[in-house]
Amino acid sequence: MAPKSKNAPSDKNAPSRNKLERMLHASESHVEELAAEIVTLRRQVRDLQDESASWRKKAEKHRSRVQKVRATAEIAIAEATQAAKKRARKRAKAKIRQVIADHPRAEPLALRDAPPLPQPTWPVARLREAAREQGVTGYSRMRKDQLLDVLV
């Protein structure tokens, strides 16, 4: 048998060395293109992650502002409701006192819920408490005799 040369194919169905080298070169160039594309994609992913982080920070700021406004509104509503109830109670007590003052015959029924009449023997603290309940303005600066005159 004759020795085989470098260029001679060992199998008749196998591709030639030249064709294999071209295929290898094409594969290597394709691998390089894919590697470059991977680098580009990784850079884009990093940029998108940075951008999403900045958007998250902005969203948190807006969310916290909305939460603060909502909490402030809820507090304001609760305070307004309490103030309205307090004013209504004061008006109701004032109406009861007015009915008592205007209609002496209605006194026995109305006096059932009315506060006790102040006595000169009461201490100033108790007189001031009664004045506060009746809604007297400036009661904290009044003397005992003034408080007795003002209270119903």
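In the predicted model, Leu151 contacts Pro118, Leu127, Ala130, Ala131, Gln134 and Val136, when residues up to four places away in sequence are set aside. Leu151 also belongs to the largest nonpolar core, a set of eight residues that further comprises Trp122, Leu127, Ala130, Ala131, Val136, Met142 and Leu147. The greatest contribution to this core comes from helix α3, which spans residues 124-134 and supplies three residues. Among the contact partners of Leu151 are Leu127, Ala130, Ala131 and Val136, and these four residues are likewise listed as members of the core.

With regard to overall architecture, the protein chain contains four helices and zero strands. The order of elements along the sequence is accordingly described by the pattern α-α-α-α. Of the 152 residues in the protein chain, 9% are classified as buried. The surface exposed by the protein chain amounts to about 13500 Å², of which 56% is supplied by carbon and sulfur atoms. Among contacts in the protein chain with a separation of 6 or more, 25% link residues that lie 24 or more positions apart.

Charged side chains were examined next. Side chains of opposite charge can pair when their charged atoms come close. Two salt bridges were identified in the model. One of them joins the side chains of Glu21 and Arg17, with an N to O distance of 3.3 Å. Both residues lie in helix α1, which covers residues 17-102; because Glu21 and Arg17 are four residues apart in this helix, about one helical turn separates them. Glu21 has a relative accessible area of 43% and is therefore partly exposed, as this class lies between the limits of 20% and 50%. Arg17, by contrast, is classed as exposed, with a relative accessibility of 56%.

A salt bridge is also formed between Asp145 and Arg143, whose closest N and O atoms are 3.5 Å apart. Here the acidic partner, Asp145, is partly exposed at 41% relative accessibility. The basic partner, Arg143, has a relative accessible area of 52% and is exposed, because this value falls over the 50% limit. In the pair formed by Glu21 and Arg17, the acidic residue is likewise partly exposed and the arginine is exposed.

Definitions and conventions. Residues are numbered from 1 along each chain as its sequence is written. This is a predicted model: local features need pLDDT of at least 70, side-chain atom pairs count only at pLDDT 80 or more; totals for chains, interfaces and linings use all residues. Side-chain values use heavy atoms; hydrogens and water are left out. A nonpolar core is a set of buried Ala, Val, Leu, Ile, Met, Phe, Trp, Tyr and Cys residues joined through side-chain atoms within 4.5 Å. Buried means under 20% relative accessible area, exposed over 50%, partly exposed in between (1.4 Å probe, protein chains only). Helices (H or I, at least four residues) and strands (E, at least two) are DSSP runs, numbered from the N terminus. Contact means heavy atoms within 4.5 Å. A salt bridge is a side-chain nitrogen of Lys or Arg within 4 Å of a carboxyl oxygen of Asp or Glu. Accessible areas come from the Shrake-Rupley method with a 1.4 Å probe; for residues, only the protein chains shown count as cover.
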